[in-house]
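User: Please take a close look at one part of this model, the place where two domains of one chain meet. I would like a connected account.

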Number of protein chains: 2
Amino acid sequence: MNNLPTYSDIESAHKRIYNIIQRTPVMFSRGINKITGASVFFKCENFQRVGAFKYRGATNAVQLLSDEEIQKGVVTHSSGNHAQALALAAKIRKAKAYIVMPNTAPKIKVEAVKSYGGDVIFCEPTLKAREKTAKDIIEQTGAILIHPYDNSNVIAGQGTAAKELFEELGAIDIIIAPIGGGGLMSGTAIATKFISSQTMIIGSEPKNADDAFRSFYSGYLIPSDNPKTIADGLLTSLSQKTFSIIKQNVTRILTASEESIIAAMKLILTRMKIIVEPSAAVPLATMLENPDIFLGKTVGIILSGGNLDLDNLHFYNL
Amino acid sequence: MNNLPTYSDIESAHKRIYNIIQRTPVMFSRGINKITGASVFFKCENFQRVGAFKYRGATNAVQLLSDEEIQKGVVTHSSGNHAQALALAAKIRKAKAYIVMPNTAPKIKVEAVKSYGGDVIFCEPTLKAREKTAKDIIEQTGAILIHPYDNSNVIAGQGTAAKELFEELGAIDIIIAPIGGGGLMSGTAIATKFISSQTMIIGSEPKNADDAFRSFYSGYLIPSDNPKTIADGLLTSLSQKTFSIIKQNVTRILTASEESIIAAMKLILTRMKIIVEPSAAVPLATMLENPDIFLGKTVGIILSGGNLDLDNLHFYNL
C-alpha cells in the first residue's frame, strides 16, 4: 500500500488487529473538566500493550506481511515506543525484529526492547549511522523495514484508536492528537473526517518542536532542526506522506510551552491517577494555553503513551 | 447500627451509594502476572472519587443520616483520605463537615479537604488534642462524629468494593486487602465470606506497622506504638470492632518490608501505568514476599488509593 490510506484501510486494520491489541478505556476527570470548562475524554493508549498506541500500527503492518515475507524478519531504527511495539508485533508472528538503536540509548529502553524479544543492534548516534545500519541489515537478512510513521499500514493502524473513541462517545466537538512524525495524527484525522465530519480536528505540538505547525501554516514541509523538548516522543518531523494527510484533513495545529506540558502532565497524574509520558500530555497542554477554543465543548484526546522514566520525574519539577 | 455489620448491610449500602460513588474498573497486567506466577486482578479504588475507597464508607454513613441529623453537620479527626471523603460526602448532602487536622498536616492535604468544601479546624498534633477538639465541636454544633473505621456503616460501605470485584470476576482463589484501622479489611472479609466462602481472605500490613498481624496471631488487641512506614495510610491500629470482625473472618495476615512495598509500587506504576499511594502497594508487596502461596492462583487485590504526593516520589528511590 503506497497510496495514502483511507478510512476503509482503518476499518480493515481494526478487524485485523482487534484480538491482538488491547481495547483501551476512555476516562475522564471531574477536576480537569472543571479547570478547562470542557468535557474532556481521554482515550488511554498508555494502557495499550507496550504502553503506547504504536502497538496498533506496528501490529497492523506486521500482520499484513505474508508468511514468506515475515520469515526474514522486520527491521526499524528507533529508540522509542515503536521499537518495543515492533519487537512484540514480530514476536507474536514468531518472527525476528531487528531494532537499530544508538549506542547512547538509555539502558531501560534497550532492556524493554529485549524483553519483548527484539534483537538490538547498536550504531553511532547519528541519523546517517542508523539508516546505514538498517540498510545493511536489510541487505544481509532480507528483513522488511517497518518505518514508525512513513508507512500507510502503520498509519491505518494508528487510526483505530480514534475509531474506538468514536464508538464509545458518538459525536464530539473536537478531537486532539499529538504530532511527532505524524502517524497518529494522520490516522486520527482520516478516521475522524469519515466518522464525524463535523468534528474539529486539532493537532498539538511542543513549541520547541513545532515543525508541523510551521509546515501546516506555510504550506511547505519544514523539518525541525535538532529540537529539544521534554516531550521526547515528538522530536521527529513529518514525512511527505504524513504532511499531505495532515494538510488535507487537520483543522488547525496548536503548540504548547514546556511549562504547560509539565502542568498538563501533573494534572493527569494527580487528577486521573494514571501515568503518562510527557508527549501524551501535549494535547491537554494546548487546551490549557487556548481555553477559549474549548470552553463548553466535548473534547476527545488520544493519550498517546505511558512509558515514563520514573527516575526523571523529579527533574520535571512536578 | 452498633452491632457488627453483616453482608445484608453491605448489600443495602451498595444500593444506597451506587449512583453517588464511581464504579471503579478491574485491571490486570501481563507483566505482573508473569512475575508473580498468578492471575492478579486489581480493583482500582485509586480511581474512586477523592482517590480512595474511603469515599464508599463515608458516603454510606452520611447518606444514612436523617435530614435533621445531617443539618448540624458531621465531624472527624483525620489528615488522610477519610477527611477528603467525608468532606465530599457531606457536601453532596449540602451539609457541613468539620475536619480536625493537626497544625502540622501537609498543606496539600489541607487544601484537598478545603477543595471538597470541608471546614478545617487545626489543633496540636497529638491524639489527645484531636479528640478534645472534635469533642468540643460536637458539643458546640451538635455535629455527628463519623469515625474513619470504628463505625459499622463505614465498614459496610467499604465492603462494596469487594462486592463489585466479585460481580466482575466470579469466584477467585484469594482476595487481599491492606489493613490500617481495619475498616476496608472488615468490609472485604464480610463480603467475601458471604459471596465466595471458598476464597482465602488475606490481610496485608507493613512489617513496620504490624499491629493486626500481632493481634491476630496472639488473640489480643495489641496496638502499634508510634509506627513508621512509607505506607502512611496504614499507621492506625485496629479497634475492638474491626479486630472482632478480622479475627472471625480473615484466613491469614501477611506482612511486607519497606523495600517490598517500594518494589510493588514501582511495578504498579511502571507495568500498570496507574498511580497508587504506598499503602495500596502493600498487598502486592506481600505477594512478592510469599510467592508460593499465590503460585497458579487467581488473586483479587483491593487497590486502596492513589493520593500520592509526587514531590515525595524520588524519596522512595523508585
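Analyst: The account below covers the domains, then their contact, and then one residue in a helix.

The model is predicted, with an ipTM of 0.92 and a pTM of 0.94. Chain A has a mean pLDDT of 95, and 97% of its residues reach 70 or more.

The domain assignment divides chain A into domain 1, made of 7-52 + 151-316, and domain 2, covering 55-145. Domain 1 of chain A is thus written as two segments, 7-52 and 151-316. Between the C-alpha centres of domain 1 of chain A and domain 2 of chain A there are 24 Å.

Where the two meet, 17 residues of domain 2 of chain A are in contact with 24 residues of domain 1 of chain A. On the domain 1 side, α1 (7-17) and α8 (152-169) of chain A each contribute at least two of the touching residues. Helix α8(A) gives the largest share of that side, eight residues. By residue class, the side of domain 1 of chain A that touches domain 2 of chain A holds ten nonpolar, eleven polar and three charged residues.

Turning to a single residue, A:I35 sits in helix α2 of chain A, which spans residues 30-36. A:I35 counts as partly exposed because 17 other C-beta atoms lie within 10 Å, while a buried residue would need 20 or more and an exposed one would have 12 or fewer. The C-alpha atom of A:I35 is 8.6 Å from that of A:L288, although 253 residues separate the two along the chain.

Conventions. Residues are numbered from 1 along each chain as its sequence is written. Chains are lettered from A and ligands numbered from 1 in the order in which they are written. This is a predicted model: local features need pLDDT of at least 70, side-chain atom pairs count only at pLDDT 80 or more; totals for chains, interfaces and linings use all residues. Domain bounds come from an automatic or database domain assignment. Two residues are in contact if their C-beta atoms, placed from the backbone, lie within 7 Å. Helices (H or I, at least four residues) and strands (E, at least two) are DSSP runs, numbered from the N terminus. Ala, Val, Leu, Ile, Met, Phe, Trp, Tyr, Cys and Pro count as nonpolar, Asp, Glu, Lys and Arg as charged, and the others, Gly among them, as polar. pLDDT is the predictor's confidence in each residue, from 0 to 100.
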